Amino acid sequence: NSSDNIYFEPVRISPVGTKKKPLYHSFFYYNHSLTECLQFEPSGRYLLGMRFFMEGREVQPFDKAEIGIFDLYNNNKWHKIGETKAWNWQQGCRLQWVPGNFEEIIWNDRSEDNKNLITKVYNIKTKKTRTLPFPVYVTSPNGEKGLGVNFERVQHRGCKYAGVEDPYKDQWAPANIGLWEIDLVSGEKKLVLSIRELAKVMFPSGFPTDTLNRNLYFFRASYNPSGTRIFIFVKDFQNRWGNWGISTEGYTVNPDGTDIRYFYKEPSHHYWLNDKEVIDNGHHKAPDGEVSLGFFRFMDYGTGYAKEKVFGAPNGHISIDKSGDWILNDASDGDGHIYLYLYHLPTKKFIPLAKLETRLGGYIYRTGLGAMRCDLHPRFSHDGKTISFDSTHEKNYGRQIYIMDISFIVENPPKL
């Protein structure tokens with residue numbers, strides 16, 4: 001019973017500004033492996049964040065945000081390193097450390113003429129910023145390459161960048177856009193897999209005839225831990241006179257575009273367990289034939305079926321520490337609260353961390369806020385002893401960044 005739980009106290013590390021000039025902060029997303037979309041660097045001292053100045057409405061092309069670093073060893077001091085005009089409520093601007101030597105930070109932005117999406121690369125040693133001519137979604141495990149999708153085509157609410165139009169909006173499956181690999185040094189990019197090429201795999205008997213106001217597009221992308229396979233979400237979106245219809249399929253592919261395999265239907269918030277397995281949430285069929293909601297293990301074998309149901313739980317943003325023992329996740333109760341918890345895989349035991357209110361403008365919202373909702377998107381530090389997350393639970397402060405010390409839990413795990 002959640003009412004009997006004793007919760008941990010989160011610590012806000014972002015300033016809230018004043019009533020006349022409020023400051024809001026978020027990191028916005030989380031990592032699907034140990035090396036991608038990282039907010040923490042290895043020492044645990046510097047934490048990435050984005051500062052913005054409005055809430056309660058859709059992001060517009062003129063909404064500029066600041067990019068910065070919090071120094072957790074120096075009273076959480078904020079160091080501004082750049083700005084962006086390409087961000088959204090659910091994935092921010094894809095702000096992240098570049099793994100490897102952790103000397104560079106990347107984020108998405110719009111070009112100076114506002115016509116294209118780009119990537120900014122900031123070097124913490126030289127304090128200089130350079131530009132890559134295409135938006136990076138995630139980096140490769142060694143930090144040498146990046147994956148990108150055509151963000152201007154994304155229709156998923158809360159994940160679209162305002163201000164850049166899709167030149168192929170009247171085409172269902174274009175041949176010259178799709179999944180790209182970007183060299184993070186030179187900026188050179190190559191098309192790994194076009195939307196049209198994957199459409200041929202999805203519809204081997206011929207393309208659908210009903211493609212009016214319909215777009216096929218790539219959404220999320222991630223490397224497996226060794227960088228030898230890529231997991232890509234493809235969404236088939238159609239606007240039927242204001243009624244949106246959308247389906248999602250998961251596929252994997254080699255970095256050179258070969259060996260395309262079907263992964264599973266309706267992929268969601270996943271995490272790579274190893275090079276061949278992910279854990280993901282949804283209503284899926286277990287090996288015993290029972291369909292239920294929870295987290296399932298899928299193998300990259302092309303069958304499309306779950307290998308195992310790991311545990312039952314509502315959808316959340318799952319990540320796993322480097323030991324492989326601890327799952328970190330969030331889950332909404334649909335009644336104005338979000339729960340933050342750990343799940344210990346060896347003992348199959350839950351450890352509740354927090355029950356937080358979902359607020360907007362200081363008021364609790366018991367119904368979904370759609371694209372403007374604030375999921376916690378919890379994230380581990382590299383040593384697994386600290387977590388960070390975004391939340392709106394505190395008074396009327398809006399979105400802010402919080403950390404929580406969980407060292408006592410991970411150093412004293414549950415017993416079998």
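Trainee: What makes the pair of arginine 359 and glutamate 357 a salt bridge?
Mentor: A salt bridge requires a side-chain nitrogen of Lys or Arg within 4 Å of a carboxyl oxygen of Asp or Glu, and because the closest N and O atoms of arginine 359 and glutamate 357 are 2.6 Å apart, the pair satisfies that rule. Salt bridges that share partners also join Lys64, Glu66, Lys80 and Glu83 into one network. Keep in mind that this is a predicted model, in which local features need pLDDT of at least 70 and side-chain atom pairs count only at pLDDT 80 or more, whereas totals for chains, interfaces and linings use all residues. Residues are numbered from 1 along each chain as its sequence is written, and side-chain values use heavy atoms, with hydrogens and water left out.

Trainee: How do you know whether arginine 359 and glutamate 357 are buried or exposed?
Mentor: The scale calls a residue buried under 20% relative accessible area, exposed over 50% and partly exposed in between (1.4 Å probe, protein chains only). Arginine 359 has a value of 18% and is therefore buried, while glutamate 357, at 25%, counts as partly exposed.

Trainee: How many salt bridges does the rule give, and what parts of the chain does the one between arginine 130 and glutamate 104 tie together?
Mentor: The count comes to 24 salt bridges. In the one you mention, the side chains of arginine 130 and glutamate 104 meet at 3.2 Å, N to O. Arginine 130 lies in strand S9 (residues 129–132) and glutamate 104 in strand S7 (residues 104–110), so the pair ties together parts that are 26 residues apart in sequence; here helices (H or I, at least four residues) and strands (E, at least two) are DSSP runs numbered from the N terminus. Arginine 130 is partly exposed, because its relative accessibility is 28%.

Trainee: What makes the pair of arginine 229 and aspartate 259 count as a salt bridge?
Mentor: The closest N and O atoms of arginine 229 and aspartate 259 are 3.5 Å apart, which means that this pair also falls inside the limit of the rule. Arginine 229 sits in the loop between strand S14 (214–223) and strand S15 (230–240), and aspartate 259 in the loop between strand S16 (243–253) and strand S17 (261–265), so the link spans parts 30 residues apart in sequence. With 6%, arginine 229 is buried, whereas aspartate 259, with 37%, is partly exposed.

Trainee: Why is the approach of threonine 258 to aspartate 256 called a polar contact?
Mentor: A polar contact is a pair of N or O atoms within 3.5 Å, where, within protein, one must be able to donate a hydrogen and the other to accept it, and residues adjacent in sequence count only if both atoms are side-chain atoms. The side chains of threonine 258 and aspartate 256 are joined at 2.6 Å, so the distance lies within that limit. Threonine 258 itself is in the loop between S16 and S17, and its 38% makes it partly exposed. Leaving aside neighbours within four places in sequence, threonine 258 is in contact (heavy atoms within 4.5 Å) with Arg229 and Val253.

Trainee: How do you know whether asparagine 281 is buried or exposed, and what does its side chain reach?
Mentor: Asparagine 281, in strand S19 (residues 277–285), has a relative accessible area of 2% and is therefore buried. A polar atom of its side chain lies 3.0 Å from the backbone oxygen of alanine 313, and the side chain of asparagine 281 also reaches the backbone nitrogen of asparagine 315 at 3.4 Å.

Trainee: What makes asparagine 108 count as buried?
Mentor: Its relative accessibility is 1%, so asparagine 108 falls in the buried class. The residue belongs to strand S7, and its side chain makes a polar contact of 2.8 Å with the side chain of tyrosine 161.

Trainee: Why is a space in this model called a cavity, and how many have 30 Å³ or more?
Mentor: On a 1 Å grid over the protein atoms alone, a cavity is a set of points where a 1.4 Å probe fits but cannot get out, and lining residues have an atom within 4 Å of a point. The structure holds two of 30 Å³ or more, and the largest has a volume of about 70 Å³, a volume being the space filled by probe spheres set on the points, which are joined across faces, edges and corners. Of the 11 residues lining the largest cavity, Glu55, Leu360, Met372, Thr392 and Arg399 are the closest to its centre.

Conventions: 1 Å grid on protein atoms, 1.4 Å probe; cavity = no way out; pocket = protein on both sides within 12 Å on 5 of 7 lines; lining within 4 Å.
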